[in-house]
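Subject: Structure handover

Hello,

Here is the structure I said I would pass on. My notes on it follow below.

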Amino acid sequence: MSDTPNIVRAAYVELISTDLERAKWFWVDMLGFVLTAEDPDALYLRGYEEANHHSLVLRRGDAPAAACISFRVWAPEDLDVASAWYGERGCRVERRPAGATRGIGEAIRVEDPLGFTVEYFHATDRVERLLQRYDVHRGAGIARIDHFNICVDDPAAAHDFYGSLGFRCSETIEGNDRMYAAWMHRKPSVHDIALTGGASPRLHHVGWFAPEQHHITRLCDTFGAIGEQAHIERGPGRHGVSNAFYVYLRDHDGHRIEVYTSDYFTGDPDHETLRWDVNDVRRRDFWGAAVVPSWYAEATDVLDLDGKVVATRSVDESTSEARVGADGFR
């Protein structure tokens, strides 16, 4: 069997947008993303700390969806390793030449066993890091992409799958001999990917890091001041899992973004997984705030390598454990 690719971190997401002008207003004018480049059919965005070409691609399409989640790998050779690793597991693998996505070098995209389209790349165009260009910072002062949260119908199996790729687990939600969710990482933070129970495969949200709490509250004040508060879905609040101070917003297509700060370091070799009981309401919001129904019911469809929506698999929610639930279960 092949070695696993050396994955560095979550790197970017490609979302399908039905209206790029409205998307630019939400993501650039309001949230404060940097517009690296613009084509007639795509926007390429990044945070102020990022020197990679982009951490978000918004591509024009007829219906909202997630085209791929993308991880950066350490070296060019890791693309061959990833191709072989997935191929040995019977997964469909597609080689993409440099420039297939603007600013990205040679890459591979795979349809993984969980039903998601996942990309791996190493080379990327470098752009100006605007970390200390405070004169151009806007919105929430978005610094960098942090993680993907995906809905999976079997969190325990998804945990084992990502563990076989070399991801470590920072936190879980468990109970009644069942795993409800897991937070897993390659970089030394709480997560690069969260695996939460629900109809699958769907992208629940993408998380970007903001420097300080006041950036998040100011963002909410700004939406409220112009009568656009409906974009705020949940929060601000404090998660139990991850300790993050957060807010969740939805764009006009329903794509969900978490803007958050204040998680913690997980890079020590003896870092232990923190296991939350599913009956502890603080796991979702440390202050015990209720969660809106849309949080559980709604997420973004994902596309396969042909650009077709992947059919979702339902989760058995007939048991009391599922009704108690965790992020991703009602």
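**Cysteines**

At a relative accessibility of 1%, Cys151 counts as buried. Please keep in mind throughout that this is a predicted model. The sulfur of Cys151 is 17 Å from the closest cysteine sulfur, which belongs to Cys68, and that is too far for a bond. The number of disulfides in the structure is 0. Cys91 is likewise in no disulfide, and the nearest cysteine sulfur to it, again that of Cys68, is 16 Å away. Cys91 is buried too, with a relative accessible area of 12%; the cut-off for buried is under 20%.

**The open sheet and its helices**

There is an open sheet of 8 strands, in the order β2-β3-β4-β1-β5-β8-β7-β6, with mixed pairing. The edges are taken by β2 (34-39) and β6 (92-96); each has a single partner strand, so one side of each is left without a neighbour in the sheet. On average, neighbouring strands of this sheet are turned by 20 degrees against each other, direction ignored.

Within the sheet, strand β1 (residues 7-17) runs parallel to strand β4 (residues 56-60), and 5 bridges join them. One of the bridge partnerships is that of Leu15 with Leu58 in β4. Helix α1 (residues 20-30) packs on the sheet, where it touches β1, β2, β3 (42-46) and β4, and its direction makes about 160 degrees with that of β4. Another helix, α2, lies across β5, β6, β7 (107-111) and β8, and runs at about 160 degrees to β6.

**Aromatic rings**

The structure holds 20 aromatic pairs. In one of them, Phe71 and Tyr120 have ring centres 6.0 Å apart and planes at 25 degrees; planes under 30 degrees apart count as stacked, so this pair is stacked. Phe71 is in strand β5 (residues 65-73) and Tyr120 in strand β8 (residues 117-121), so the pair ties together parts that are 49 residues apart in sequence. Phe71 and Tyr120 are both buried.

Tyr120 also pairs with Tyr86: the ring centres are 5.8 Å apart and the planes stand at 40 degrees, so this pair is tilted. This pair, too, links distant parts of the chain, with Tyr86 in helix α2 (residues 77-87) and Tyr120 in strand β8, 34 residues apart. Tyr86 is buried at a relative accessible area of 0%, and Tyr120 is buried at 0%.

These residues belong to a cluster: ring pairs link Phe71, Trp85, Tyr86, Tyr120, Phe148, Phe161, Tyr162 and Phe167. Trp85, a member of that cluster, has the charged end of Arg89 over its ring, 3.7 Å from the ring centre.

**Strand β15 and its two hairpins**

Further along the chain, strand β15 (residues 245-250) is mostly covered, as 6 of its 6 residues are buried. Which residues cover each side of β15? On one side Phe245, Val247 and Leu249 are buried, and on the other Tyr246, Tyr248 and Arg250 are buried, so that both faces are covered. As a general point, side chains in a regular strand alternate between the two faces of the sheet.

β15 takes part in two hairpins, one with β14 and one with β16. Strand β14 (residues 232-238) pairs with β15 in the antiparallel sense over 4 bridges. The hairpin of β14 and β15 has 6 residues between the strands, and Ser242 in the turn has a positive phi of about 85 degrees. Arg234 stands opposite Tyr248 in β15. Arg234 also lies over the face of Trp295, at 4.5 Å from the ring centre.

On the other side of the pairing, β15 and β16 run antiparallel and are joined by 6 bridges. Tyr246 has Tyr260 in β16 as its bridge partner. Between β15 and β16 there are 5 residues, and Gly254 in the turn has a positive phi of about 90 degrees.

**A loop residue**

After β16 comes a loop: Glu272 lies in it, between β16 (256-261) and β17 (274-277). Is Glu272 buried or exposed? At 67% relative accessibility, Glu272 counts as exposed. Glu272 and Arg9 are 263 residues apart in sequence, and their C-alpha atoms are 20 Å apart in space.

Regards

Notes:
Residues numbered from 1 in each chain as written. Predicted model: local features only at pLDDT ≥ 70, side-chain atom pairs only at ≥ 80, totals over all residues. Heavy atoms only, no water. Buried < 20%, exposed > 50% of the residue type's maximum accessible area, 1.4 Å probe, protein only. Phe/Tyr/Trp six-rings, centres within 6.5 Å; stacked < 30°, edge-to-face > 60°. Lys NZ or Arg CZ within 6 Å of the ring centre and 35° of its normal. Disulfide = S-S within 2.5 Å. Pairing = 2+ DSSP bridges. Axes fitted to C-alpha atoms, helices over the stretch in contact; angles between N-to-C directions. Contact = heavy atoms within 4.5 Å.
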